[in-house]
Amino acid sequence: MYTSRQAWMFVLPALLLYAAFVAVPILQVAAYSLFSWDNGSIKAFSGLANYARLGTDGVFWTALGHNAIWAILTLCFPLLIGLILASILAERSPRVVKVMSAIYFLPRTIPLVVAGIIWGWIYNPIFGLLNYVLDLVGLGSWGGAWLAESGTALISLNVAGAWTFYGFCVLIYLSAIQSIDPSLYEAASLDGASWGQRFRFVTVPLLKSTTLFLGLYSAIEAMRFFDLVWVTTQGGPGYDTEVLTTHIYKTFFLVGDFGYAAALSVVLLVIVLTVGGLSYRILRQS
Amino acid sequence: MTRPSRILQHVFLLIFALYALMPVYLVLLASVRSEADLFSGPLTLPWPIDFSNFQRVWFESGFSQFVVNSLVISVGSTALVMLTAPLAGFAFAKLKFKGKEAVFALFLAGLVVPAPSVIVALYGDLQMLGLLNTRIGVILPQAALLLPFSIFMMRTVMEDVPDELLEAATIDGATLFETFIKVVVPVVKPGLLSLALIAFLFSWQEYLLPLVVIQDETLKPLTVGAATLQGRYGVDYGGIAAAGIIAFAPIVVLFLVLQRSFTRGLTAGAVK
């Protein structure tokens with residue numbers, strides 16, 4: 001037998017590391033947000049003054065809107081593609097499944113920084129692959145400076161983001177489909193259900209909780225992402241691809257406004273913790 | 001299934017394979033394309049095949065050092081995770097102790113914490129500790145940020161250890177720690193390998209932490225090095241392509257060799 005103290009010794013190393021570099025900094029950020037700062041040091045207690053500025057900070061609301069659009073686009077595209085690919089693959093031989101899922105997942109192993117650089121090239125207006133291919137098929141007039149134009153920048157970035165994410169969705173959906181009782185599919189087939197009907201009436205309903213998980217996961221990721229934007233557009237053109245994390249980074253390192261950067265960080269934390277807490281409850285119920 | 005719909009499915013599978021592979025193929029071509037061949041179109045096969053891009057970034061742009069730094073940071077963070085997360089995961093899965101639920105909730109909350117939201121404080125803390133502009137200054141917060149996922153995954157893995165094994169060890173008079181090392185670790189080895197791979201992958205890919213912590217050119221990891229190279233010589237496409245490949249090739253090879261372990265780890269954290 002063991003004492004409670006002995007058990008604690010198992011948790012303690014992890015807890016110390018986590019407290020020192022995650023938990024305590026979060027408390028510090030919350031405290032910093034209540035002060036006005038001057039040149040990296042505290043000037044005066046300012047209560048909620050930093051938060052009061054949020055209302056009039058247009059960039060903040062623009063950025064938040066982009067995070068929301070990012071989340072919706074992720075739900076529409078990588079999740080749906082992942083679900084369809086996984087349901088097709090589930091009926092193929094294990095070899096095909098192994099090779100194809102490795103291919104789909106490959107982009108996820110590439111650092112987002114490098115992914116950003118590669119997609120920056122694909123979208124390059126002069127020598128980029130996208131305009132080149134459009135030219136080849138006679139659609140040259142559709143070409144553009146994808147990441148430098150206000151109308152296309154955010155959605156183009158999202159296609160690059162989806163590139164690194166849909167393979168993950170395939171993996172998760174595949175392992176969920178493989179745990180569905182095969183007799184359900186056999187029964188549906190015997191009743192004369194087509195592939196589309198089996199997909200619609202067996203796969204989709206039974207994967208509801210997987211979809212829920214991936215949806216909540218991508219909503220949180222949509223609030224957290226930074227690398228991809230930072231190496232491609234740094235939030236530009238103008239503020240067209242600004243997101244909360246880039247706004248924090250700029251406010252902290254470029255403007256040097258520690259108090260307001262801390263307030264923005266707290267807002268980000270409150271959002272992800274709320275979504276995270278909701279996810280935990282919903283997923284535990286289902 | 002009807003033939004046309006089966007063909008349609010094949011087409012669908014292939015289109016998205018192309019989506020995954022085309023950008024990688026593009027970089028591979030660009031990395032071995034000589035300067036003279038630069039304007040013959042992104043998809044034409046480069047000729048003659050030219051490895052001077054790799055030579056240049058490796059020897060002149062500091063990439064031989066960036067690789068070392070990436071290795072040091074990733075191995076360091078992975079080691080820290082491996083020394084702490086399995087122990088904690090075991091305690092959360094198998095032991096009873098006061099405050100267990102509260103501590104677990106604290107770690108659970110960390111699952112969603114974005115690195116950018118803590119840098120405002122972390123930057124000053126590291127400065128105070130004298131860890132700014134050091135690799136250990138990246139390793140420590142990196143490992144700490146990986147802990148919530150790692151502990152969550154380890155708890156799932158440890159739950160599958162049969163209680164009878166633990167009881168038998170206790171009856172033999174083994175202490176808790178001895179039981180962990182001699183009985184638990186051998187049983188969960190595949191899970192440990194998965195965790196190590198994922199911790200390594202995430203550390204290797206990290207960009208923001210080293211970007212913020214490290215200024216010294218000789219301490220930068222590959223991610224920061226590649227981004228700097230892009231900013232500095234915006235026109236050296238061959239060089240940037242070679243740099244990109246140096247940055248992702250090791251991890252891609254690791255993934256292809258150990259695909260099963262990777263997949264198991266990623267889905268274990270997610271599916272439960």
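**Entry 1: the two domains of chain B**

I began at the interface of domain 1 and domain 2 of chain B, where I looked for polar contacts and found 0 residue pairs, counting pairs with both residues at pLDDT 80 or more. I note here that the model is predicted. Next I tried salt bridges across the interface of domain 1 of chain B and domain 2 of chain B, and the rule again gave 0. What classes of residue does the side of domain 1 of chain B that touches domain 2 of chain B have? I listed 5 nonpolar residues, 1 polar residue and no charged ones.

I then looked up the bounds. Domain 1 of chain B runs over 1-50, and domain 2 of chain B over 62-271. The contact draws 6 residues from domain 1 of chain B and 6 residues from domain 2 of chain B. I looked up the area too: the two domains of chain B bury about 450 Å² between them, and 87% of that is on carbon and sulfur atoms. Taken over C-alpha atoms, the centres of domain 1 and domain 2 of chain B are 33 Å apart.

**Entry 2: the fold of chain B**

I counted secondary structure next. Chain B has 13 helices and 0 strands. Read along the sequence, the pattern of chain B is α-α-α-α-α-α-α-α-α-α-α-α-α. I also looked up its extent: the C-alpha trace of chain B spans about 75 × 65 × 30 Å along its principal axes.

I checked the UniProt record for chain B, an unreviewed entry. It lists "transmembrane region" for residues 12-32, 66-90, 102-124, 136-158, 179-202 and 237-258 of chain B. I compared two of these stretches with the model. Residues 12-32 of chain B are 95% helix and 0% strand, with end C-alpha atoms 31 Å apart. For residues 237-258 of chain B I read 95% helix and 0% strand, and the end C-alpha atoms are 31 Å apart.

**Entry 3: chain B against chain A**

I turned to the interface of the two chains. How many residues of chain B are in contact with chain A? I found 92 residues of chain B in contact with 82 residues of chain A. The buried area between chain B and chain A is about 7,900 Å², with 80% of it from carbon and sulfur atoms. I looked for the main contributors: B:Leu13, B:Tyr19 and B:Val120 give 9% of the area that chain B buries against chain A, more than any other three residues.

Salt bridges across the interface of chain B and chain A came to 0. Polar contacts across the interface of chain B and chain A came to 20 residue pairs, with both residues at pLDDT 80 or more. I asked which element supplies the largest share of the side of chain B that touches chain A. Helix α1 (residues 3-31) of chain B does, with 16 residues. By class, I recorded 73 nonpolar, 14 polar and 5 charged residues on the side of chain B that touches chain A.

**Entry 4: chain A and its record**

I opened the UniProt record for chain A, also an unreviewed entry. It gives "transmembrane region" for residues 7-35, 68-90, 102-123, 129-148, 155-176 and 258-283 of chain A. I checked two stretches in the model. Residues 68-90 of chain A are 91% helix and 0% strand, and their end C-alpha atoms are 32 Å apart. Residues 258-283 of chain A are 100% helix and 0% strand, with end C-alpha atoms 37 Å apart.

The unreviewed UniProt entry also annotates "domain: ABC transmembrane type-1" over residues 64-279 of chain A. I read 75% helix and 0% strand over residues 64-279 of chain A, where the end C-alpha atoms are 20 Å apart.

**Entry 5: salt bridges**

I searched the whole structure and found 7 salt bridges over all chains. I picked one: the side chains of A:Asp257 and A:Arg53 meet at 3.0 Å, N to O. Why does the pair tie together parts that are 204 residues apart in sequence? A:Asp257 lies in the loop between α13 (244-254) and α14 (258-285) of chain A, and A:Arg53 lies in the loop between α2 (49-52) and α3 (58-76) of chain A, so the pair joins those parts.

**Entry 6: backbone oddities**

I finished with the backbone of chain A. Most peptide bonds are trans, and most residues other than glycine have a negative phi. The bond from A:Gly236 to A:Pro237 is cis, with omega near -5°. I placed A:Pro237 in the loop between α12 (227-232) and α13 of chain A. A:Asn39 is not a glycine, yet I read a positive phi of about 55° for A:Asn39. I found A:Asn39 in the loop between β1 (35-38) and β2 (41-45) of chain A.

Methods:
Residues numbered from 1 in each chain as written. Chains lettered and ligands numbered in written order. Predicted model: local features only at pLDDT ≥ 70, side-chain atom pairs only at ≥ 80, totals over all residues. Heavy atoms only, no water. Domains from an automatic or database assignment. Contact = heavy atoms within 4.5 Å. Buried area = accessible area lost by both parts, 1.4 Å probe. Salt bridge = Lys/Arg side-chain N within 4 Å of Asp/Glu carboxyl O. Polar contact = N/O pair within 3.5 Å; in protein donor to acceptor, adjacent residues only side chain to side chain. Nonpolar A, V, L, I, M, F, W, Y, C, P; charged D, E, K, R; others polar. UniProt positions renumbered as here; feature names shortened; annotations may be inferred. Helix = DSSP H or I, 4+ residues; strand = E, 2+ residues; numbered from the N terminus.
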